[in-house]
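This report takes a reader new to the structure through its open and enclosed spaces, and then through the packing of its interior. It may help to keep the sequence and the structure in view while reading.

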Amino acid sequence: MKLSRVAPELRGPLLRSPEVPVHRPWALRLTRRLMEDLDARHLPGVTMELPEEAAPGVRVYRPDDKHSDGALVWIHGGGLVMGRAVQDDPLCNATARRLGITVVSAEYRMAPEDPYPAALDDCHAAWTWLQDNAASLGVDPARVAIGGQSAGGGLTASLVQRLHDEGGTQPVGQWLLCPMLDDRTAARRDLDRVRHRIWNNEVNRFGWRSYLGTDPGAATVPRYAVPARREDLSGLPPAWIGVGDIDLFHNESREYAHRLRDAGVDTTFHLEPGAPHGFDSWGAETSVARDYLDRARTWLEKALARELDGS
């Protein structure tokens, strides 16, 4: 994909962001090793805790100026094969501080060593831990949203589907940032030629194959493994879906937003011009990313206040 298609402000940060071929064993090992060395990064006004009684790696961000009993369960990205909760310290800190809410960031097992349903089970455990400990955290258990980026966005969509079917307390919103929703995208070999920036279809295919334990695009997949495969989307919580127009996940994100709306789900779809995958992370200092996240957090604040239609 030509650099000229990228928004001008994002071109510099993009060129400084290496594209790692994580479908190659050496690159995946290296990427994971580097992520193990990530240091916690905090903003003033937020306390981060690692509660011993929670699942390993779960991080809790509590703002000094807490003015809401709402909360967010956050799920990090990494193509289902890499990533750690610590990588999203900046986003979780900023969200907790700006909205005055508690944020619980889930850690989950990686494929291919731990394929489906390991990651989803771990995210479900983080939701359950927050629900069970809502009183001590000063959280209203009925005022919790779930959000995630990339693979974390896909896991968010899967988790809200599973929670819907289980019954009980439901999330008030699903906050999906460039979500990885549909394995059938990876099965399209014609997309390999496009060479999408940051996350292309070759590594996407590796991620889905690792998670599903079979080639993507199979006739059937396990329930909740691929959120876009669910036929009935009615009754799910309100959704915010944001993606760049040159992101590999653009088409599947738009299609999922249309299907949610058709099913009667209050859905906001935001398309960012000239934005490759994950620009809000590697281009976080740009006005493009700041404005995008400002829109997303404004929606999340309304969802937690139950100011959205149908919530």
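In this predicted model, the largest pocket has a volume of about 1,400 Å³. Its lining is made up of 42 residues, and those closest to the centre of the pocket are Q87, Q149, G278, S281 and W282. Two or more lining residues come from each of the helices α2 (25-36), α3 (89-99), α10 (279-282) and α11 (287-304). Sorted by class, this lining holds 18 nonpolar, 14 polar and 10 charged residues.

The second largest pocket has a volume of about 220 Å³, and of the 16 residues that line it, R188, L191, H196, L248 and N251 lie nearest its centre. The elements that supply two or more residues to this lining are α7 (183-186) and α9 (250-262), with α9 giving the most, 3 residues.

Besides these open pockets, a search of the whole structure finds 1 cavity of 30 Å³ or more, and about 40 Å³ of space lies in it. The residues that line this cavity are L80, A151, G154, L155, S158, M180, W208, Y211, A225 and P227. Both α6 (151-166) and α8 (201-212) give two or more residues to the cavity lining, and the largest share, 4 residues, comes from α6.

The table sets out the three linings by class of residue.

| Space | Nonpolar residues | Polar residues | Charged residues |
|---|---|---|---|
| Largest pocket | 18 nonpolar | 14 polar | 10 charged |
| Second largest pocket | 5 nonpolar | 4 polar | 7 charged |
| Largest cavity | 8 nonpolar | 2 polar | no charged |

The next topic is the packing of the interior. In soluble globular proteins, nonpolar side chains tend to be buried together. The largest nonpolar core of this model has 49 residues, and those with the most contacts inside it are Y108, L130, I146, L155, L159, W208 and Y211. The elements that give two or more residues to this core are α2, β3 (71-75), β4 (102-106), α4 (118-132), α5 (134-137), β5 (144-149), α6 and α8, and α4 gives the most, with 7 residues. Apart from this core lies another, of 34 residues, among them A96, W175, A289 and Y292.

Some residues belong to more than one part of this picture. L155, W208 and Y211, which are listed among the residues with the most contacts inside the largest core, also line the largest cavity. If neighbours within four places in sequence are left aside, W208 is in contact with L80, M180, L181, D182, D183, A186, G213, T214, P216, A225 and V226, and of these contacts, L80, M180 and A225 are cavity-lining residues too.

Which residues does L120 touch, once its neighbours within four places in sequence are left aside? L120 lies in helix α4, and its contacts are L155, S158, L159, R162, Y211 and Y224. L120 counts as buried, because its relative accessible area is 0% and the cut-off for a buried residue is under 20%. One of its contacts, R162, is 42 residues away from L120 in sequence, although the two C-alpha atoms are 9.4 Å apart in space.

A similar account can be given of T102, which has its place in strand β4. With a relative accessibility of 0%, T102 counts as buried, and, leaving aside neighbours within four places in sequence, it is in contact with V60, Y61, R62, P63, K66, G70, A71, L72, L137 and V139.

Is helix α3 largely enclosed or largely open? Because 8 of its 11 residues are buried, α3 is largely enclosed by the rest of the structure. The buried residues are D89, L91, C92, N93, A94, T95, A96 and L99, and what covers them includes β1 (46-49), β2 (59-63), β3, β4, β6 (174-177) and α11. Just after α3, G100 takes a positive phi of about 65 degrees.

Finally, an unreviewed UniProt entry places the feature "domain: Alpha/beta hydrolase fold-3" at residues 72-279. Over this stretch the chain is 37% helix and 15% strand, and the C-alpha atoms at its ends are 21 Å apart.

Note on methods:
Residues numbered from 1 in each chain as written. Predicted model: local features only at pLDDT ≥ 70, side-chain atom pairs only at ≥ 80, totals over all residues. Heavy atoms only, no water. 1 Å grid on protein atoms, 1.4 Å probe; cavity = no way out; pocket = protein on both sides within 12 Å on 5 of 7 lines; lining within 4 Å. Points joined across faces, edges and corners; volume = space filled by probe spheres on them. Nonpolar A, V, L, I, M, F, W, Y, C, P; charged D, E, K, R; others polar. Core = buried A, V, L, I, M, F, W, Y, C linked by side-chain atoms within 4.5 Å. Buried < 20%, exposed > 50% of the residue type's maximum accessible area, 1.4 Å probe, protein only. Contact = heavy atoms within 4.5 Å. UniProt positions renumbered as here; feature names shortened; annotations may be inferred.
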